[in-house]
Amino acid sequence: MPLTTYTMDVFNNATYTSIADVMLPHTQNTYWHEFDEISRYNVQLNYFERLWAAWYAFMGNDVLATGIMSFLMHELVYFGRSIPWMIIDRIPAMNKYKIQNQKVPSAKEQWDCAKLVLLSHFTVELPQIWFFHPMAQYFGLATTVPFPSLFTMAYQIAIFFVFEDAWHYWSHRAMHWGPLYKNVHKIHHQYSAPFGLAAEYASPIEVMILGLGTVGAPIIWCAITKDLHILTMYIWIVLRLFQAIDAHSGYEFPYSLHHFLPFWAGADHHDTHHEKFIGNYSSSFRWWDYCLDTESGPEAAKRRRERKLGKAKKAA
């Protein structure tokens, strides 16, 4: 059942929040047939919007369409971004950029890590992804076309970064409390010199708790504003995965982002956390650690000593 001009007008006016609402009964045509039909009757859509609409039309079930797309996106981005770091670890010339260059992960360590990460993805994250669409749609998340503007997506993603960073700081800091560290967080600290693939190497409990910051911030935003598209959330999750993997990469380059954005955390910030097992709890930004004096590393220790000396001189 192709989208007619009239149907598309109703669709664009948000009478429907689900593409499948205007696609049922489910088509028996091929994906590219649906793409051609949508393109024929809806020339106002750009190429990617037609691809998007054709996918939901072809699947005919929003929960299935979103679930498959979300899981495949997560796996492709996670391992696709991790593989370059695995290759870099095997290039001797890159060792000068490795923060803890005496600790290069072996092939066995990489493989053992990958197995636990895959197990977590299929047993913990897949069920959450599968139930994501009904929950998100309940709060008003849009899956429709056309897509939101670049400006709308940019400012919403910036807000999600700030909220997730706050959640990550406090929940991560709580996990370093004795019992929680011993029973939950210790798994993630198996590698004192982290590598990209280990970004989600953690217990199922930790995956769920920290994942709440990534998924919860957009859902709360959507529940309050009723203004969020699932594409915005996808872009946000991709950027968050890139941030997490790069922070665990173990490499510091002259062109690393924190050299241009001083408040950005980056690999040097998080690598120190793994090496010292304390401090530097934030995910994306440095301001929580700076303001609450939980920075880790030699520079932070030097600043604390200078402050103490300054206070001692004043007291004298």
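Contact here means heavy atoms within 4.5 Å. This criterion underlies the packing described below for a predicted model of a single protein chain.

## Overall architecture

The secondary structure of the protein chain amounts to 13 helices and zero strands. Along the principal axes, its C-alpha atoms occupy a box of roughly 80 × 45 × 40 Å. Of the 316 residues in the protein chain, 49% are buried. Among contacts between residues at least 6 apart in sequence, 69% link residues at least 24 apart. The accessible area of the protein chain is about 16,200 Å², and carbon and sulfur atoms contribute 68% of that surface.

## Annotated segments

The UniProt record, an unreviewed entry, assigns the feature "transmembrane region" to residues 53-73, 138-163 and 201-224. From the unreviewed UniProt entry also comes "domain: Fatty acid hydroxylase", listed for residues 158-294. The table gives the computed content of three annotated segments.

| Segment | Helix | Strand | Distance between end C-alpha atoms |
|---|---|---|---|
| Residues 53-73 | 90% | 0% | 17 Å |
| Residues 201-224 | 88% | 0% | 33 Å |
| Residues 158-294 | 58% | 0% | 24 Å |

## Helix H11 and its surroundings

Helix H11 spans residues 266-276. Eight of its eleven residues are buried, so H11 is largely enclosed by the rest of the structure. The buried set consists of Gly-266, Ala-267, His-269, His-270, Asp-271, Thr-272, His-273 and His-274. These buried residues pack against three helices: H7 (150-175), H10 and H12 (287-291). Helix H10 covers residues 230-247.

A further approach to this region comes from the loop between helix H8 (178-183) and helix H9 (204-225), where Ser-192 is placed. The C-alpha atoms of Ser-192 and Glu-275 are 4.9 Å apart, although 83 residues separate the two along the chain. Leaving aside residues up to four places away in sequence, Ser-192 touches Gln-100, Lys-103, Asp-271, His-274, Glu-275 and Phe-277. Two of these partners, Asp-271 and His-274, also belong to the buried residues of H11.

## Backbone features

H11 is followed directly in the description by Phe-277, which has a positive phi near 65 degrees. Phe-277 belongs to the loop between H11 and H12. With a relative accessible area of 36%, Phe-277 is partly exposed, because partly exposed residues fall between the limits of 20% for buried and 50% for exposed. Asn-280 lies in the loop between H11 and H12 as well. Its phi is near 50 degrees, again a positive value in a residue other than glycine. Asn-280 counts as buried, since its relative accessibility is 3%, whereas Phe-277 is partly exposed.

Elsewhere in the chain, the peptide bond from Val-145 to Pro-146 is cis, with omega near 5 degrees. Pro-146 is found in the loop between helix H6 (132-138) and H7. Helix H7 is also one of the helices against which the buried residues of H11 pack.

## Surface patch and cysteines

A nonpolar patch on the surface is formed by Val-162, Phe-163, Tyr-255, Leu-257, Phe-260, Leu-261, Phe-263 and Trp-287, with about 810 Å² of accessible area together. Leu-261, one of its members, is placed in the loop between H10 and H11. Why can Leu-261 be called partly exposed? Its relative accessible area is 33%, which lies between the limits of 20% and 50%. A patch residue must have over 30% relative accessible area, and the 33% of Leu-261 therefore meets that requirement.

A disulfide is a covalent bond between the sulfur atoms of two cysteines. With a cut-off of 2.5 Å between cysteine sulfur atoms, the count in this model comes to zero disulfides. Two of the cysteines illustrate opposite surroundings: Cys-113 counts as buried at 0% relative accessibility, while Cys-291 counts as exposed at 60%.

Technical notes:
Residues numbered from 1 in each chain as written. Predicted model: local features only at pLDDT ≥ 70, side-chain atom pairs only at ≥ 80, totals over all residues. Heavy atoms only, no water. Patch = residues over 30% accessible without salt bridge, like charges linked within 9 Å, V, L, I, M, F, W, Y side chains within 5 Å. Areas by Shrake-Rupley, 256 points an atom, 1.4 Å probe, with all protein chains shown as cover. Salt bridge = Lys/Arg side-chain N within 4 Å of Asp/Glu carboxyl O. Helix = DSSP H or I, 4+ residues; strand = E, 2+ residues; numbered from the N terminus. Buried < 20%, exposed > 50% of the residue type's maximum accessible area, 1.4 Å probe, protein only. UniProt positions renumbered as here; feature names shortened; annotations may be inferred.
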